[in-house]
Amino acid sequence: MFVHGWPVNHKMFEYQLNQLPRYGYRCIALDLRGFGQSDRPWTGYTYDRMADDIRVIIDMFRLRDFVLVGFSIGGAISIRYMARHQGHGVRRLALLSAAAPSFTQRPGYPYGQTREEVDALIRQTLTNRPAMLKGFGDQFFAQNHGPEFMNWFASLGLEASGHGTAQGLIALRDEDLRQDLSAIRVPTAIFAGVQDRIVPFQSALALQQGIPGSVLHRFEQSGHGVFYDELEAFNSRFFAFLNQPD
């Protein structure tokens, strides 16, 4: 099960989803509330509520012994799911550029964005969302993927609701997952780009320290978009994690 990042949707995983079924994997990629093809309610954008949304889908499909894969805010929500729902059904956890333990700097945690930087993104979202998406997208990748790819990627953000986009930022700004990490008891792989300008690599090191037995996969030439900057290397190591014996 794939949980996408802010401010895009499940389509970001295209270059994993078009490969995994060849290896016998059934893939489910959801759109979080307010994003992609999901409903756009006015409320419910806390990590708790979005983790509960994931539980609803897991129960609806009666999923057991599956791999939960979360990117950026999707990684943060996946961590909250593991703590809030005791990892119900999850056999392995993959965290990709996860916006955790905290997306913003706070006492005792000097990494990540400042509250003022996130507040500026919220204001721009509510006044000129296309410009916000362009500026945010320019920081997303460490490699030059060409205008066609970048235009496609920006279009994913435009599929979201403006309100949901702003509410996602509020959650990123205010939520703190440091107390959730010790609740994770399944094999966990952390995939992070050393050149990440959105969630600094130090956050991945903090995740590795906080999640018992977790393994960190570092990608020297990748930014936040670790799933694409070094596509072949990422897919190789990600698929190897999926295939590891229990």
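**Exercise 1. Work out whether Ser97 is buried or exposed, and what its backbone is doing.**

Start with accessibility: Ser97 has a relative accessible area of 4%, so it is buried (buried means under 20% relative accessible area, exposed over 50%, partly exposed in between, with a 1.4 Å probe and protein chains only). Next, place the residue: Ser97 belongs to the loop between strand 4 and helix 4 (helices are DSSP runs of H or I with at least four residues, strands are E runs of at least two, both numbered from the N terminus). Last, check the backbone: phi of Ser97 is near 45°, which is a positive value in a residue other than glycine.

A quick word on the model before going on. It is a predicted one, where local features need pLDDT of at least 70, side-chain atom pairs count only at pLDDT 80 or more, and totals for chains, interfaces and linings use all residues. Residues are numbered from 1 along each chain as its sequence is written, and side-chain values use heavy atoms, with hydrogens and water left out.

**Exercise 2. Do the phi check on Ser72.**

Phi comes out positive at about 55°, although Ser72 is not a glycine. Now locate it: Ser72 sits in the loop between strand 3 (66-71) and helix 3 (73-84). For accessibility, Ser72 has 5%, so it counts as buried.

**Exercise 3. Find out which residues Thr104 touches beyond its neighbours within four places in sequence.**

First, the location: Thr104 is in the loop between strand 4 (90-96) and helix 4 (115-127). With a relative accessibility of 1%, Thr104 counts as buried. Then list the contacts (heavy atoms within 4.5 Å): outside that sequence window, Thr104 meets Tyr109, Tyr111, Gln113, Thr114, Val118, Leu172 and Arg173. Finally, look at side chains: those of Thr104 and Arg106 make a polar contact at 3.1 Å (a pair of N or O atoms within 3.5 Å; within protein, one must be able to donate a hydrogen and the other to accept it, and residues adjacent in sequence count only if both atoms are side-chain atoms).

The loop between strand 4 and helix 4 also holds Pro101. A cis peptide bond joins Ala100 to Pro101, with omega about 5°.

**Exercise 4. Describe the surroundings of Asn9.**

Asn9 is found in the loop between strand 1 (2-3) and helix 1 (14-17). Its relative accessible area is 0%, so Asn9 is buried. Not counting residues up to four places away in sequence, Asn9 touches His4, Asp31, Gly36, Leu156 and Glu159. For Leu156, add a detail: the Asn9 side chain reaches the backbone oxygen of Leu156 at 3.4 Å. Pro7 lies in the loop between strand 1 and helix 1 too, and the bond joining Trp6 and Pro7 is a cis peptide with omega about 0°.

**Exercise 5. Characterise how helix 5 and helix 6 cross.**

Step one, geometry: the axes of helix 5 (residues 129-138) and helix 6 (residues 146-158) come within 10 Å and cross at roughly 130°. Step two, classify: helix 5 and helix 6 are therefore oblique to each other (under 35 degrees is roughly parallel, over 145 roughly antiparallel, 65 to 115 roughly perpendicular, and the rest oblique). Step three, name the residues: helix 5 contributes Arg129, Pro130, Leu133 and Gly137, while helix 6 brings Met150, Ala154, Gly157 and Leu158.

Methods. Axes are lines fitted to C-alpha atoms, for helices over the stretch in contact, and angles run from 0 to 180 degrees between N-to-C directions. Contact means heavy atoms within 4.5 Å.
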